[in-house]
Amino acid sequence: GEIRDAAAPDAAPMGPDAGTGGTPAVSHRPRQAVSGFPEVRGRALNDPNAIILTFDDGPDGSRNTDKILDTLKAENVKATFCVNSENAWNIPLVAAAQDVVKRMIAEGHDLCNHTSKHTDLTKVSTMEADKLLADLDDVVKMYIPSAPTLTLTRAPFMAVNANVRPILAKYGVHLQVDISSQDFACANAACVVNNVMGAVGR
């Protein structure tokens, strides 16, 4: 299932600390094509009681990602964070953003490639789609040296078509969504909880 980072809705603008200098250049190392389209859904697990928590679009400038990490740590729960490098925060330009991603790794969570700029991959050329994934990959390698090689992806807006699938496959297993918290449409935490818990039994 999917629970988004409530502070970073789809197409969130740059945070106030993001700066205006853009992302420093990093080496573009495109991955090799693979056959098929590896994809996993939370309900593909054999355990019917298992829920995979995923948080998209962070880290964020209002520090809600930190609050999420605090809660996960207190409850001894691991999650997957599908991160962008230039969305709510600009990872190369904001040291605090780098620290949040380092904390995700240090506390045992998985990272997922959600592209550098949260761009709809179905609306750009295949070359640009590949670059958006590669740029996030490279930023993580350059600024978060403790990060393992990313092997999970999630297309922004879950927008995938025949052109995008082989590009995503080059960067790892695609994480599909079974349950969306719809937090971007919620005014409070109770709404998010109700959306998720109301869908869990389906």
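**Notebook: a surface patch, helix α1 and residue I179**

I looked first at the surface and noted a nonpolar patch of about 360 Å², made by I51, V193, M197 and V200. I record here that the model is a predicted one. I then located V193, one of the patch residues, and found its place in helix α5. V193 is partly exposed, with a relative accessible area of 47%; this lies below the cut-off for exposed, which is over 50%.

I turned next to helix α1, residues 64–75, and checked its length. At 1.5 Å a residue, its twelve residues should span 16 Å, and I found the end C-alpha atoms 17 Å apart, which agrees.

Which residues of α1 are buried? I listed T65, D66, I68, L69 and L72. They cover an arc of only 160 degrees around the axis, so they lie on the same side of α1. I recalled that an α-helix has 3.6 residues a turn, so residues three or four places apart point the same way.

I asked what the buried residues of α1 pack against. I found β2 (54–56), β3 (80–83) and α2 (95–106) as their partners. On the face turned away from the buried side, I noted the exposed residues K67, A74 and E75. After α1 comes N76, and I read its phi as positive, near 55 degrees.

Last, I looked up I179, which is found in the loop between β6 (173–175) and α5 (189–200). Is I179 buried or exposed? Its relative accessible area is 11%, so I179 counts as buried, the cut-off being under 20%. I also compared I179 with G198: they are 19 residues apart in sequence and 9.8 Å apart in space, C-alpha to C-alpha.

Note on methods:
Residues are numbered from 1 along each chain as its sequence is written. This is a predicted model: local features need pLDDT of at least 70, side-chain atom pairs count only at pLDDT 80 or more; totals for chains, interfaces and linings use all residues. Side-chain values use heavy atoms; hydrogens and water are left out. Helices (H or I, at least four residues) and strands (E, at least two) are DSSP runs, numbered from the N terminus. Buried means under 20% relative accessible area, exposed over 50%, partly exposed in between (1.4 Å probe, protein chains only). Patches are made of residues with over 30% relative accessible area and no salt bridge: like charges are joined within 9 Å, nonpolar side chains (Val, Leu, Ile, Met, Phe, Trp, Tyr) within 5 Å. Accessible areas come from the Shrake-Rupley method with a 1.4 Å probe; for residues, only the protein chains shown count as cover. A salt bridge is a side-chain nitrogen of Lys or Arg within 4 Å of a carboxyl oxygen of Asp or Glu. The expected span of a helix is 1.5 Å times one less than its number of residues. The arc is that of the directions from the helix axis to the C-beta atoms. Contact means heavy atoms within 4.5 Å.
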